[in-house]
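Thank you for asking for some notes to accompany this structure. The points below are meant for a reader who has not met it before, and they move from the ligand outward to the rest of the chain.

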Amino acid sequence: MPIATTNPATGQVLKTYDAMSDEQIDAAIERADLAYRQLRDTTIAQRARWLTAAADLLDAERDETARLMTTEMGKTFAAAKAEVTKCATACRFYAAKAPEMLADEPADAAAVKAKRAYVRYQPIGPVLAVMPWNFPLWQVMRFAAPALMAGNTGLLKHASNVPQTALYLEDVFRRAGFPEGAFTTLLVGSDAVERVLTDPRVRAATLTGSEPAGRSIAEIAGREIKKTVLELGGSDPFVVMPSADLDRAAEVATTARCQNNGQSCIAAKRFIVHTDVFDAFAEKFAARMSALRVGDPMDENTDVGPLASERGRDEVHDQVTDAVNQGATVLCGGEKPASDGWFYPPTVVTDLRPEMRMWGEEVFGPVAGLYRVGSYDEAIEVANGTSFGLGSNAWTTDPAEQERFAVDLDAGNVFVNGMTTSYPELPFGGVKNSGYGRELSALGMREFCNTKTVWIGEGEAGAGAGAHAE
Ligand code: NAP
């Protein structure tokens with residue numbers, strides 16, 4: 001893929017970049033390694049000051065940054081502004097919580113025959129982050145904020161269609177005060193990932209993206225014995241049971257499917273509805289989906305902007321066409337507009353069957369699959385019947401059923417009577433082919449720490465636990 005900014009609302013190429021040479025990549029890794037040695041010896045309080053300064057810059061530059069994101073990948077300006085604010089919030093969260101998250105954890109010294117025993121969390125070095133374009137700032141920040149706070153450094157290989165947002169991120173961390181090389185954007189294609197990951201100075205990798213990209217990174221990292229966190233695709237179920245508030249469920253279903261122009265890993269994609277309320281829900285949902293306004297993402301009246309690439313838009317349309325050709329029914333949408341830009345209308349498709357692509361594949365656009373089920377057990381069978389396991393939603397006011405869904409849905413998260421969302425306070429990640437490892441919360445920070453066991457016997461004069469905190 002060329003490294004370029006192309007406006008998805010017009011198809012116009014606005015700026016192109018040459019990929020970095022091997023020498024430039026090696027020099028960037030060297031700087032990241034030197035910066036790591038510096039960063040690990042700074043105090044948590046100092047790193048928190050830098051991360052807070054980054055949050056201040058993000059807040060101050062919100063509109064300009066949001067416009068850049070909208071121009072590069074087509075999300076609505078309103079959504080882009082909210083994303084910038086969310087990144088600033090996450091920086092402040094980790095700045096405030098890091099002392100607690102990285103504090104030494106005392107163990108039962110007597111049980112392990114020690115004078116003192118504890119667990120210490122230490123940084124591991126430069127980490128490669130391979131990131132997608134769909135939340136071009138947030139996906140990176142949820143790795144970068146905890147990683148930098150822990151004392152690691154970051155090497156970002158961002159998606160090739162968001163180079164300006166990637167360069168902006170490097171600039172923010174530099175201006176916030178982090179040492180040169182603490183966070184570096186590598187303007188490279190995916191063919192350069194192996195060179196970076198096999199460099200002995202690079203200690204681990206995190207990838208958010210598609211399943212094939214995840215497999216490729218995991219293979220390389222496996223050979224190199226390097227830790228990976230993989231956040232991959234999803235086809236989240238959204239189950240509606242008879243006791244649910246149907247108006248609220250249909251309203252949230254519409255947002256959950258069409259947020260970010262339908263291009264979110266945790267978008268609800270398969271709407272699994274009990275037969276007792278199927279027709280009523282389908283009518284309300286299709287009415288709301290067709291009422292959404294598709295158009296210029298900079299216009300504040302627009303609900304759904306263009307998809308990020310022509311290839312992505314055509315893929316979504318091929319999936320819908322495949323279902324229709326095999327007998328599926330389109331309740332709304334389903335037509336590819338002839339206008340410029342890579343727009344696709346909010347679409348609801350029902351009468352799906354397992355042989356159709358939409359049944360088992362992730363649909364990365366504003367297209368909902370609607371499934372009729374006759375019981376709780378059938379709902380769980382359909383919900384869990386894909387290779388993915390990222391997020392999940394269940395709508396029911398029955399407390400016993402709520403608890404059953406929490407146990408039975410095979411996913412990294414279960415949201416009952418609400419929409420899957422990421423919060424810095426809660427772990428985020430998947431099971432099955434949606435990946436492994438967790439981002440956010442203390443778990444996300446510790447994924448790239450050396451969880452070091454410290455055992456001090458009688459006669460030792462070790463330093464006090466907690467001494468590294470300040
Ligand atoms: P993608 O093609 O996998 O791209 C993601 C990143 O991986 C880009 O930087 C891309 O670089 C790079 N890449 C692609 N193939 C690679 C390879 N073989 N080796 C190394 N790097 C490679 O994904 P996408 O289509 O842009 O993004 C959408 C996918 O991401 C969806 O499946 C979505 O569900 C998933 N996603 C998951 C989460 C989550 O948290 N679980 C969040 C957001 C998105 P280039 O741009 O240069 O190709």
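1. An oxygen atom of the ligand is placed 2.6 Å from an N or O atom in the side chain of Glu-362, and the reader should bear in mind from the start that this is a predicted model. On the ligand's side, an area of 910 Å² would be exposed if the molecule were taken alone, and the protein buries 86% of that. Two elements each give two or more residues to the shell around the ligand, and these are α5 (138–150) and α8 (211–224).

2. Other side chains also make polar approaches to the ligand. In Trp-133, a polar side-chain atom lies 2.6 Å from an oxygen atom of the ligand, while for Lys-157 the separation between an N or O atom of the side chain and a ligand oxygen is 3.0 Å. Both Trp-133 and Glu-362 belong to the group that comes nearest to the ligand, which also holds Ser-160, Ser-210 and Leu-232, out of 28 residues around it.

3. What is the make-up of the shell around the ligand, in terms of nonpolar, polar and charged residues? The shell divides into 13 nonpolar residues, eleven polar ones and four charged ones. As for where the ligand sits, domain 1 (3–232 + 440–454) and domain 2 (236–416) both contribute residues to this shell, so the ligand lies between the two domains.

4. Turning to charged pairs, a search of the whole structure finds 32 salt bridges. One pair joins Arg-446 and Glu-105, whose side chains meet with an N to O distance of 3.4 Å. Because Arg-446 lies in helix α15 (residues 441–446) and Glu-105 in strand β3 (residues 105–106), this pair ties together parts that are 341 residues apart in sequence. Arg-446 is partly exposed, at a relative accessible area of 22%, and Glu-105 likewise counts as partly exposed, at 30% relative accessibility.

5. A salt bridge within one helix is formed by Asp-171 and Arg-174, with their closest N and O atoms 3.4 Å apart. The two residues are three apart in helix α6 (residues 163–176), so about one helical turn separates them. Asp-171 has a relative accessible area of 28% and is partly exposed, and Arg-174, at 38% relative accessibility, also counts as partly exposed.

6. In the salt bridge between Asp-199 and Arg-201, the closest N and O atoms are 2.8 Å apart. Is each partner buried or partly exposed? Asp-199 is buried, with a relative accessible area of 10%, whereas Arg-201 counts as partly exposed at 25% relative accessibility. Elsewhere, salt bridges that share partners join Glu-61, Glu-170, Asp-171, Arg-174, Arg-175 and Glu-180 into one network, and the helix α6 pair of the previous point, Asp-171 and Arg-174, is thus among its members.

7. Some backbone angles deserve a look in the model. Most residues other than glycine have a negative phi. Ile-225, however, has a phi near 55 degrees, a positive value in a residue other than glycine; Ile-225 is found in the loop between α8 and β9 (227–231) and is exposed, with a relative accessible area of 72%. The phi of Lys-432 is likewise positive and near 55 degrees, and Lys-432 lies in the loop between β16 (415–416) and β17 (435–436), where it counts as partly exposed at 33% relative accessibility.

8. Two buried positions complete these notes. Pro-8 is found in the loop between β1 (3–7) and β2 (12–17) and is buried, with a relative accessible area of 0%. Although Pro-8 and Pro-306 are 298 residues apart in sequence, their C-alpha atoms are 6.0 Å apart in space. Ala-379, which lies in helix α13 (residues 376–383), is also buried, with a relative accessible area of 0%, and its C-alpha atom is separated by 9.9 Å from that of Phe-405, which is 26 residues away along the chain.

Note on methods:
Residues numbered from 1 in each chain as written. Predicted model: local features only at pLDDT ≥ 70, side-chain atom pairs only at ≥ 80, totals over all residues. Heavy atoms only, no water. Near = heavy atom within 4 Å. Polar contact = N/O pair within 3.5 Å; in protein donor to acceptor, adjacent residues only side chain to side chain. Areas by Shrake-Rupley, 256 points an atom, 1.4 Å probe, with all protein chains shown as cover. Helix = DSSP H or I, 4+ residues; strand = E, 2+ residues; numbered from the N terminus. Nonpolar A, V, L, I, M, F, W, Y, C, P; charged D, E, K, R; others polar. Domains from an automatic or database assignment. Salt bridge = Lys/Arg side-chain N within 4 Å of Asp/Glu carboxyl O. Buried < 20%, exposed > 50% of the residue type's maximum accessible area, 1.4 Å probe, protein only.
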